[in-house]
Amino acid sequence: MTQPLVTIVDDEPEIRRILTDALEEAGFRTQSFSRAREFEASLKRVTPDVCLVDLSLPDTDGLALVHRLALEQGAAVIIISGRAQVQDRVTGLELGADDYITKPFDPAEVVARIRARLRAPRVRPTHSDVAHFNGWTAYFDRYILDDGAGTETPFSHAEGEVLRLFLESPKRLISRAHMQETLGGAAGDSFDRAMDVRISRLRTKLGEDPKNPKLIKTIYGAGYIFLGDVVWQ
């Protein structure tokens, strides 16, 4: 079986070396780049399973790169950055990152986070990549939400994972523990914050009233319920 491919995008040679050594020792294949443009050129040839992206890149804004990856690629995206402020974490997650690790880091933790992301199988719809619900159509092959009136809104890979989970289990309680088990990721505050951000972004894109959402309801202390009527095409 081919081992998962992890791409490292960081302009610090020592960081790339440390991560490459740790990941290859753990059995992953790796490739590394010091510039975003070199990495993006490589995507025409191969799509990695996981992308580790530094935010302070010399030739582009790392957050913009994360956002493009989340919308256009099927890879998991993990930010590795020296920016430790809460707002940086929130922004990264809002733009579609699956996880956020701050420097300095323990290489073993990075390996564990990657394994957690890859451990659970990707959530796939039962019938197809198109779901209709309450006037909306979700196209998971294009990462697009269509409101039925001609307006299309893109969603990220990370947001799409959560939306798939809701649409495949409508009107059933989905606990945080089930989300963690199904979607992968290390349990704890980082995972909870990531889920909060993704669900908030989905509610906004679906035009939900944040104080009284009609489709994605929070059941405090238990989890979430998606109340829409879903038809897979």
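1. Let me start with a small detail: the side chains of Gln31 and Thr7 are joined by a polar contact of 2.8 Å. Bear in mind that we are looking at a predicted model. Gln31 belongs to strand 2, residues 29-33. Is Gln31 buried or exposed? With a relative accessibility of 18%, Gln31 falls under the 20% cut-off, so Gln31 counts as buried.

2. What else does Gln31 touch, once residues up to four places away in sequence are set aside? The list runs Leu5, Val6, Thr7, Ile8, Ser42 and Val46. Strand 1 covers residues 5-9, so you can follow these contacts on the model with strand 2 (residues 29-33) beside you.3. On to the sheet itself. Five strands, written 5 in the count, form an open sheet in the order 2-1-3-4-5, with parallel pairing. Which strands stand at the edges? They are strand 2 and strand 5 (99-102), and each has a single partner strand, so one side of each is left without a neighbour in the sheet. On average, neighbouring strands of this sheet are turned by 20 degrees against each other, direction ignored.

4. For one pairing in particular, strand 1 (residues 5-9) and strand 3 (residues 50-53) run parallel and are joined by 4 bridges. Within this pairing, Val6 stands opposite Val50 of strand 3. Val6 also turns up among the contacts of Gln31.

5. Thr20 is worth a click too. Thr20 sits in helix 1, residues 13-25, and is buried at 16% relative accessibility. A polar atom of the Thr20 side chain lies 2.7 Å from the backbone oxygen of Arg16. Leaving out neighbours within four places in sequence, Thr20 is in contact with Ile8 and Thr30. Ile8 is also one of the residues that Gln31 touches.

6. Now the charges. How many salt bridges does a search of the whole structure find? The count is 19. One of them brings together the side chains of Glu161 and Arg117, at 3.0 Å from N to O. This pair links distant parts of the chain, with Glu161 in helix 6 (residues 157-168) and Arg117 in helix 5 (residues 107-119), 44 residues apart. Glu161 counts as buried at 6% relative accessibility, and Arg117 counts as buried at 4%.

7. The salt bridge between Arg142 and Glu152 has its closest N and O atoms 3.8 Å apart. Arg142 is in the loop between strand 7 (136-139) and strand 8 (144-146), while Glu152 is in strand 9 (residues 152-154), so the pair ties together parts that are 10 residues apart in sequence. Are the partners buried or partly exposed? Arg142 is partly exposed at 42% relative accessibility, and Glu152 is partly exposed with a relative accessible area of 42%.

8. Lys171 and Asp229 also meet through their side chains in a salt bridge, at 2.5 Å from N to O. Lys171 lies in the loop between helix 6 and strand 10 (173-175), and Asp229 lies in the loop between strand 12 (223-226) and strand 13 (230-232), so this pair ties together parts that are 58 residues apart in sequence. Finally, Asp10, Glu12, Asp54 and Lys103 are joined into one network by salt bridges that share partners.

How values were computed. Residues numbered from 1 in each chain as written. Predicted model: local features only at pLDDT ≥ 70, side-chain atom pairs only at ≥ 80, totals over all residues. Heavy atoms only, no water. Salt bridge = Lys/Arg side-chain N within 4 Å of Asp/Glu carboxyl O. Helix = DSSP H or I, 4+ residues; strand = E, 2+ residues; numbered from the N terminus. Buried < 20%, exposed > 50% of the residue type's maximum accessible area, 1.4 Å probe, protein only. Polar contact = N/O pair within 3.5 Å; in protein donor to acceptor, adjacent residues only side chain to side chain. Contact = heavy atoms within 4.5 Å. Pairing = 2+ DSSP bridges. Axes fitted to C-alpha atoms, helices over the stretch in contact; angles between N-to-C directions.
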